[in-house]
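Please open the structure in your viewer and keep the sequence panel beside it, so that each selection can be followed in both. The tour below goes from one selection to the next and says what is found at each stop.

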Amino acid sequence: MEHHSFSLLTDIALSIIFATIFSHIAKILKQPLILGYVIGGLFLGPSLGMGWVQNEESIELISEIGLILLLFIIGLEIDLKELARMGRSMFLLGVIQFFFSVGLAWFAFRNWFSSAGNFDLLYFSIALALSSTMIVVKLLHDKFEISTIAGRLTIGVLVLQDIWAILFMGIQPDLQDPKILNVLGSLGKGLALVGFAFLISRYALSRLFLSAASKPELILITSIAWCFFLCGVAEKLELSKEMGALIAGISIAAFPYGADVISKLGGIRDFFITLFFVALGMKIPKPGLESLGFSMIAVLFVIVTRILTVAPTVFFSGKGLRAGIIAGLNLAQISEFSLVILALGVQKGHISHGLQANVLTSMILASIASTYIILFNDKIARGILWFLNLFGLRERKEPTESESTGTNKRDIVILGYFRIAQGLIEGIERTNPSWLKRILVVDYNPVYRLSLEAKGIRWAYGDLANPESLHHLGIEEAKYIVCTISDMILKGTTNRRLFESLKQICKHNQPDYVLTTDDIEEAELLKKNGAAHVVIPGRLSGFSLLEELKGMIQDGKTAPTSSKPRPKKSIKSNVKKGSKTKGSQKSK
């Protein structure tokens with residue numbers, strides 16, 4: 001046991017070390033980091049490398065945990081209400097993409113699988129129809145494209161693909177002797193798990209999260225525990241653990257704490273994802289010319305059929321040809337689920353080991369190609385559009401993000417809801433009530449949520465010390481970002497560090513920033529770095545007291561009976577002018 005543990009630790013250490021070395025080389029050469037991870041595994045593996053890691057099963061175990069965490073995070077990012085708003089067109093897209101891809105693969109490769117008595121062609125067709133959630137989500141996150149039209153279409157198709165894969169896994173044990181009762185039993189177990197998860201989430205987890213809201217780390221560990229609990233329940237029901245993780249994420253996605261959980265799981269997820277791709281590199285077999293040629297044909301088939309099945313459907317649904325082409329390009333890989341399905345097929349004697357090796361090689365080649373395809377998806381899509389224009393196929397007016405979702409964008413973001421923010425909201429209520437529906441308040445205290453939402457303001461849970469959570473709230477589209485918390489109150493960060501993170505998140509938009517600090521020199525530095533306006537609460541309070549004192553002295557009074565609020569200037573005028581006296585009026 002000790003030897004096995006030591007071997008596992010050594011294998012993990014070697015995997016991380018070589019993944020780091022080759023990913024740094026990939027960065028220097030301006031290549032995707034995933035390519036460095038795969039090459040690191042290739043170097044360590046027994047087939048084409050040095051053979052320093054022999055116990056691949058231990059690495060696969062760790063990578064499976066990474067896959068579970070990734071599916072949990074995907075579930076957290078699935079907004080069922082938004083998917084419902086996308087409506088029948090989203091469901092139709094998922095159906096057409098999967099079933100047409102399976103049909104096209106069956107027709108195109110039917111002569112390659114002439115042997116009878118097994119299910120090679122069926123498994124191969126299904127494997128090519130599924131895309132890699134792990135690769136797509138990571139690369140779209142890195143490019144900040146999750147919230148775009150094409151990004152949401154991509155995620156929607158991936159979710160439906162996972163459902164098709166899970167349904168196939170449900171009937172897989174009975175494939176040689178399919179019985180309708182067994183199939184219905186598997187579907188019934190899945191529906192029961194969904195119902196159980198949502199009931200617990202609504203009546204138990206919601207209260208648990210509310211009580212733990214002031215302790216972000218407690219929310220994180222509670223969420224992970226819920227994920228692994230549902231994975232265990234799914235396994236007991238003879239369903240996949242991956243299905244349990246996905247359902248766990250979806251069941252708490254409605255809570256405002258989901259984005260914060262995603263941001264805090266990011267580092268853990270990336271660690272396991274690294275091991276996942278290293279494990280893939282280790283498993284690359286020695287390719288023969290015939291198998292390598294077959295795999296390259298399969299990869300080309302995947303790229304072409306993704307565009308053919310996705311782009312026309314998106315175009316005729318009115319969401320734009322360019323968005324459809326980009327979504328199709330984003331989906332041009334082979335899923336991790338395909339490997340799971342093929343492994344189960346080998347165990348049950350449904351398919352040959354040769355097919356599994358060919359699909360694995362195809363998956364790795366597609367993964368490497370896909371990193372470049374997603375990286376340059378916009379340029380590739382524009383090239384395809386230019387080519388289609390030669391035949392008279394032109395892009396219609398592409399819908400804006402708000403048109404595609406049917407929701408109003410919150411272009412005024414207020415970070416932190418304490419005294420200054422409360423005064424600001426009160427002033428906006430009096431002078432510009434129409435602004436309330438433009439405001440998003442990000443704070444960790446849910447006490448104010450109901451009162452703010454009653455005014456038409458959107459409230460979201462966020463930990464300002466972890467700015468990555470802000471990215472998941474969609475603030476990159478804001479026009480004005482106001483941090484109302486000074487460094488004295490902020491925990492775990494400062495306005496300067498927060499400002500740098502915000503500029504990175506909103507690098508494509510460049511909103512106006514209003515920040516808060518207690519130090520005059522820090523205020524000047526923030527302005528020098530690009531802040532449109534910086535509030536210094538102590539100074540503004542002093543100016544306000546001076547004005548009151550002047551009034552009392554001039555009027556000969558000993559105490560004011562009332563304080564008439566000064567008229568508020570618009571956020572835009574204050575931001576542009578940046579005068580301290582006008583800032584004083586705004587803060588009051």
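Which residue of E4 does Val413 stand opposite? Select the two strands concerned, and Val413 is seen to stand opposite Ile481 in E4.

Before going further, please note that this is a predicted model, in which local features need pLDDT of at least 70 and side-chain atom pairs count only at pLDDT 80 or more, while totals for chains, interfaces and linings use all residues. Residues are numbered from 1 along each chain as its sequence is written, and side-chain values use heavy atoms, with hydrogens and water left out.

**The whole chain**

With the protein chain selected, there are 25 helices and six strands to find; helices (H or I, at least four residues) and strands (E, at least two) are DSSP runs, numbered from the N terminus. Of the 588 residues in the protein chain, 51% are buried, where buried means under 20% relative accessible area, exposed means over 50%, and partly exposed lies in between (1.4 Å probe, protein chains only). Among contacts in the protein chain with a separation of 6 or more, 75% come from residues 24 or more positions apart, a contact being heavy atoms within 4.5 Å.

**The sheet**

Now select the six strands, which form an open sheet in the order E3-E2-E1-E4-E5-E6 with parallel pairing; two strands pair if DSSP finds at least two bridges between them. Strands of a sheet pair through backbone hydrogen bonds, either parallel or antiparallel. At the edges are strand E3 (458-461) and strand E6 (533-535), each of which pairs on one side only. From one strand to the next, the twist averages 15°.

Keep strand E1 (residues 412-415) in view together with strand E4 (residues 480-483), since these two run parallel and are joined by four bridges. E1 also pairs with E2 in the parallel sense, again over four bridges, and here Ile414 stands opposite Val441 in E2.

Strand E2 (residues 439-443) deserves its own selection: five of its five residues are buried, so the strand is largely enclosed by the rest of the structure. Show the side chains, and Ile439, Val441 and Asp443 point one way from E2, whereas Leu440 and Val442 point the other way, all of them buried.

**Helices beside the sheet**

Next, add helix H21 and helix H22 (residues 520-528), whose axes come within 11 Å and cross at roughly 10°. That makes H21 roughly parallel to H22, because angles under 35 degrees count as roughly parallel, over 145 as roughly antiparallel, 65 to 115 as roughly perpendicular and the rest as oblique. Axes are lines fitted to C-alpha atoms, for helices over the stretch in contact, and angles run from 0 to 180 degrees between N-to-C directions. Asn495, Arg496 and Phe499 in H21 meet Glu522, Leu525 and Leu526 in H22.

Move on to Pro537, which is placed in helix H23 (residues 537-555). Beyond residues up to four places away in sequence, Pro537 touches Ile420, Thr516, Thr517 and Asp518. The C-alpha atoms of Pro537 and Ile420 are separated by 8.4 Å, although the two residues are 117 residues apart along the chain.

**A helix crossing**

Select helix H5 (residues 120-129) and helix H12 (residues 289-316), whose axes come within 10 Å and cross at roughly 55°. That makes H5 oblique to H12. The contact is made by Phe124, Leu128 and Ala129 of H5 and by Phe294, Ala298, Phe301, Val302 and Arg306 of H12.

**Two single residues**

Is Thr361 buried or exposed? Select Thr361 in helix H15 (residues 353-375); at 11% relative accessibility, Thr361 counts as buried. Leaving aside neighbours within four places in sequence, Thr361 is in contact with Pro285 and Ser295.

The last stop is Val95, found in helix H4 (residues 80-108), which at 24% relative accessibility counts as partly exposed. Not counting residues up to four places away in sequence, Val95 touches Phe100 and Trp164. Val95 and Trp164 are 69 residues apart in sequence and 9.0 Å apart in space, C-alpha to C-alpha.
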